[in-house]
Amino acid sequence: MGWIGAQIESQGLYRSPNVTLKEISKVLSLTQRRISQVIKTRREDNTLAEYLNTKRQLEGCRLLVEQTNWTVDAVAHEAGFGGTTTSRTIFGNRFGMSPKQYREKKRLMD
């Protein structure tokens with residue numbers, strides 16, 4: 001996953017909420033099939049959508065902690081989620097709490 005993941009991250013491709021496999025394959029000059037195969041065989045995320053959402057979650061976590069003056073909506077947008085509801089659902093499924101609760105917990109831990 002190395003090079004593909006590094007390119008997706010360095011170019012911020014995950015930050016576009018509507019990015020498609022076709023668009024990513026054009027940017028990376030790889031076939032859609034190759035990207036899908038690499039993700040499926042080298043990640044616990046089985047699909048590109050799951051992989052991109054994981055990247056968005058990690059970016060959201062970072063922004064929630066570093067940009068305390070930003071609203072949760074602003075963080076969701078900057079991290080690449082299509083909407084706040086999507087962000088909250090995906091975040092809740094992974095961490096068992098809302099982005100706001102995550103921010104509060106991290107703030108109390110520091």
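Let me begin with a definition: a residue is called buried when its relative accessible area is under 20%, exposed when that area is over 50%, and partly exposed in between. Thr84 has a relative accessible area of 17%, so Thr84 is buried. Please keep in mind throughout that this is a predicted model.

I turn first to the chain as a whole. Seven helices and zero strands make up its secondary structure, and the order along the sequence reads α-α-α-α-α-α-α. The C-alpha trace spans about 45 × 25 × 20 Å along the principal axes. The radius of gyration is 15 Å, and for 110 residues a compact globule would be near 13 Å, so the two agree. Of the 110 residues, 38% are buried. Among contacts with a separation of 6 or more, 53% join residues 24 or more positions apart. The exposed surface amounts to about 6,700 Å², and carbon and sulfur atoms supply 48% of that area.

The next topic is internal space. Rolling a probe the size of a water molecule over the atoms shows where empty space is left. How many cavities of 30 Å³ or more does a search of the whole structure find? The search finds one. The space in this cavity is about 40 Å³. Its lining consists of Gly60, Leu64, Val72, Val75, Ala76, Ala79, Phe81, Ser87, Phe91 and Pro99. Three elements give two or more residues each to that lining, namely α4 (48-66), α5 (72-79) and α6 (84-95). Which of the elements gives the most? That is α5, with four residues. By residue class, the lining holds eight nonpolar residues, two polar residues and no charged ones.

One of the lining residues, Ser87, deserves a closer look. Ser87 belongs to helix α6. Is Ser87 buried or exposed? Its relative accessibility is 5%, and the cut-off for buried is under 20%, so Ser87 counts as buried. Beyond its neighbours within four places in sequence, Ser87 contacts Ala76, Phe81 and Pro99. Each of these three partners appears in the list of residues lining the cavity.

Let me return to Thr84, which also sits in helix α6. Leaving out residues up to four places away in sequence, Thr84 touches Asp73 and Ala76. Ala76 is therefore a partner that Thr84 and Ser87 have in common, since both buried residues list Ala76 among their contacts.

I close with two positions in loops. Pro17 lies between α1 (2-10) and α2. With a relative accessible area of 38%, which falls between the limits of 20% and 50%, Pro17 is partly exposed. Which residues does Pro17 contact, leaving aside its neighbours within four places in sequence? The partners are Arg56, Gly80, Phe81 and Gly82. For Gly82, which is 65 residues from Pro17 along the chain, the C-alpha atoms of the pair are separated by 4.8 Å. Phe81, another of these partners, is also in contact with Ser87 and lines the cavity.

The second position is Ser29, in the loop between α2 (21-28) and α3 (32-42). The phi angle of Ser29 is near 55 degrees, a positive value in a residue other than glycine. The relative accessible area of Ser29 is 65%, and this is over 50%, so Ser29 is exposed.

Technical notes: Residues numbered from 1 in each chain as written. Predicted model: local features only at pLDDT ≥ 70, side-chain atom pairs only at ≥ 80, totals over all residues. Heavy atoms only, no water. 1 Å grid on protein atoms, 1.4 Å probe; cavity = no way out; pocket = protein on both sides within 12 Å on 5 of 7 lines; lining within 4 Å. Points joined across faces, edges and corners; volume = space filled by probe spheres on them. Nonpolar A, V, L, I, M, F, W, Y, C, P; charged D, E, K, R; others polar. Buried < 20%, exposed > 50% of the residue type's maximum accessible area, 1.4 Å probe, protein only. Contact = heavy atoms within 4.5 Å. Rg over C-alpha atoms; globule rule 2.2 N^0.38 Å. Areas by Shrake-Rupley, 256 points an atom, 1.4 Å probe, with all protein chains shown as cover.
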